[in-house]
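Q: Could you walk me through one part of this model up close, starting from a single packing contact and then working outwards? I'd like one connected story rather than a list.

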Amino acid sequence: MKKILATVAVAAAALAGLSGCAAGGGGSDDGLITVGFAQTGSESGWRSANTESMKAAFSEENGFNLVFNAADNKPEAQIAAVRSFINQGVDAIVIAPIVEDGWDDVLQEAKDAGIPVVLEDRTLTSSDDLYASWVGLDFTREGERAGEWAAKEFGDTPTNMVVLEGTTGSAPANDRAEGFAKAIEGSGIVTLDSQTGNFTRADGKTVMEGFLQKYGSDIDLLYAHNDDMALGAIEAIKAAGLQPGVDIKIVSIDAVHDGMQALADGEINHIVECNPLLGDQVAELVKKVLAGDTLEKAYIVDDGEFDQADAIELLPTRPY
Ligand code: GYE
C-alpha cells in the first residue's frame, strides 16, 4: 500500500512537472527551463565576471531561458525581483543575496509556490530548508588568509591598519572581517579605522581619502575586502603623495584582472583569490534539483592566494 501511494505521488509529481513546463514554467513551451536570476548589481570586476559566467552557463544552447535582474545593491529591489520571478511562475530561482538577513518571507513564498531556489556566491541567514542548495566560496577562510599574510608580514611590529569593508550586512563583508580579526590576534596590528566602501572603486577611493586626511602617513596597512576598493584607494594614496604597496602595504581579496595587475606592479602586496566563475556549477545544480536529485546544502569552491611573482606569471592566462 505504502509503495503504491509512493508511486502515485511520484507520478503526480511528474505530471505536475510536465504541466508546469507545458503551461510555460514562466511562459515557455519551447522545452527550455526558465530561471530567474537575482544578481546583486554590478559593483565590481568580480561581479562582472560572475554575471558573464552565469549568462554563459544559462544559455539557450544549454537548455535555459534566463530572466536576469541586477538590483543595484538594494536589498528591497532584490527581494522585489525574486517576488516577480515567483509571480511569473519561473521553473527555478537563483539568488546572489546582497545581504544575509531578511529573506525568510520571500523564500517561504517561493517554497509555497513549489519553485526551488539555488543560492550562488553569498550566503544568507534563513533556515536551510527554505532553499535547495548553495555554491560559493569560504569567505571566512579568505579573510583568515589575508590576516595570516598580514600577521606574518608585520609580526609584533606596531602597525596601524585601516579597513575598507564590503557592503554592510553582506556575507563576504561579515565573514572576511571575522576571519581576518581571528588571524591577526596577538600580532602588532591595530585597527585605526574601518568603514564600508560598498565593494566599489569609487567608494574605496572616497573613504580612503577620508582616512588619509585623518591619519595621513600614520597608516601602515590597508585591508580591502575586495580588489576594486583597493584600486580606488591606490588612486587616493597616490594623490596624497604616498606610494601604494610601499608607504602603505595593501592586502585585498578577489584576484580579478586589474587587482592582479596592481599586484604585479607592486602596488598591492598580497591578494587572496575568490573565484567568480560559478555559472556551470549553478546550472548543474538547477538541473539536478528540477530532476528531483538530492543535493548537498553547500558546495564550496577552492581559492588560491598570490604574491607579486605569482601575479606576473599568471596574468597572461587568467580568465577574468
Ligand atoms: O568579493 C566583491 C563583489 O560576493 C564574493 O562581491 C562576492 C563579492 C566580491 O562585489 O568584489
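**A helix pair and what surrounds it**

A: Let's start with helix 5 and helix 6 (residues 171-184), which pack at an angle of about 35°, their axes lying 6 Å apart. Keep in mind that this is a predicted model. The two helices cross in the right-handed sense. On the helix 5 side, the residues that meet helix 6 are Phe139, Thr140, Glu142, Gly143, Glu144, Ala146, Gly147, Glu148, Ala150 and Ala151. Their counterparts in helix 6 are Ala171, Pro172, Asp175, Arg176, Glu178, Gly179, Phe180, Lys182, Ala183 and Ile184. Sort the residues of this contact by type and you get 9 nonpolar, 4 polar and 7 charged.

Now zoom in on one residue of that contact. Ala146 sits in helix 5, which spans residues 139-154. Ala146 counts as buried because its relative accessibility is 0%, and the cut-off for buried is under 20%. Setting aside sequence neighbours within four places, Ala146 touches Phe180, Tyr223, Val251, Ile253 and Val272. As for Ile184, its C-alpha lies 9.3 Å from that of Ala146, with the two positions 38 residues apart along the chain.

Two of the contacts of Ala146, Phe180 and Tyr223, also have something going on between themselves. They form a stacked aromatic pair, with 3.9 Å from centre to centre and 15° between the planes. The structure holds 3 aromatic pairs. This one ties together distant parts of the chain: Phe180 belongs to helix 6, Tyr223 to strand 8 (residues 221-224), and they are 43 residues apart. Both rings belong to buried residues: Phe180 counts as buried because it has 2% relative accessibility, and Tyr223 because it has 1%.

Tyr223 takes us from the helix pair to a sheet. Strand 8 is part of an open sheet of 6 strands, ordered 7-6-8-9-10-12, with mixed pairing. Its edges are strand 7 (189-196) and strand 12, each of which pairs on one side only. Within this sheet, strand 6 (residues 159-165) runs parallel to strand 8, and 4 bridges join them. Met161 stands opposite Leu221 in strand 8.

Also in strand 6 is Glu165. Unlike the buried trio above, Glu165 counts as partly exposed, because its relative accessibility is 22%. Beyond four places in sequence, Glu165 makes contact with Ser194, Gln195, Thr196, Gly197, Asn198, Phe199, His225 and Met229. Gly197, one of these, is 32 residues from Glu165 in sequence, but the C-alpha atoms are 5.8 Å apart.

Over at strand 10 and strand 12 we run into another helix. The buried residues of helix 9 (residues 257-264) pack against helix 8 (227-239), strand 10 (270-273), strand 12 (305-306) and helix 11 (308-314). Those buried residues are Gly259, Met260, Ala262, Leu263 and Ala264. Just past the end of helix 9, Gly266 has a positive phi of about 80°.

To finish, here's the parallel sheet. It's an open sheet of 6 strands in the order 2-1-3-4-5-11, paired in parallel. Strand 2 (64-70) and strand 11 (298-300) are the edge strands, pairing on one side only, and the average twist from one strand to the next is 20°. Strand 1 (residues 33-39) is joined to strand 3 (residues 92-95) by 4 bridges, with Val35 opposite Ala92. Helix 2 (residues 45-57) packs on this sheet, touching strand 1, strand 2, strand 3 and strand 4 (117-120), and its direction makes about 175° with that of strand 1. On its other pairing, strand 1 meets strand 2 through 7 bridges, again parallel, and there Ala38 has Asn69 as its bridge partner.

Strand 1 is mostly covered, with 7 of its 7 residues buried. Ile33, Val35, Phe37 and Gln39 point one way, while Thr34, Gly36 and Ala38 point the other. Helix 10 (residues 279-290) lies across strand 1, strand 2, strand 3, strand 4, strand 5 (133-136) and strand 11, at about 165° to strand 4.

Note on methods
Residues numbered from 1 in each chain as written. Predicted model: local features only at pLDDT ≥ 70, side-chain atom pairs only at ≥ 80, totals over all residues. Heavy atoms only, no water. Buried < 20%, exposed > 50% of the residue type's maximum accessible area, 1.4 Å probe, protein only. Contact = heavy atoms within 4.5 Å. Pairing = 2+ DSSP bridges. Axes fitted to C-alpha atoms, helices over the stretch in contact; angles between N-to-C directions. Left-handed = near helix turned anticlockwise from the far one by under 90°. Nonpolar A, V, L, I, M, F, W, Y, C, P; charged D, E, K, R; others polar. Phe/Tyr/Trp six-rings, centres within 6.5 Å; stacked < 30°, edge-to-face > 60°.
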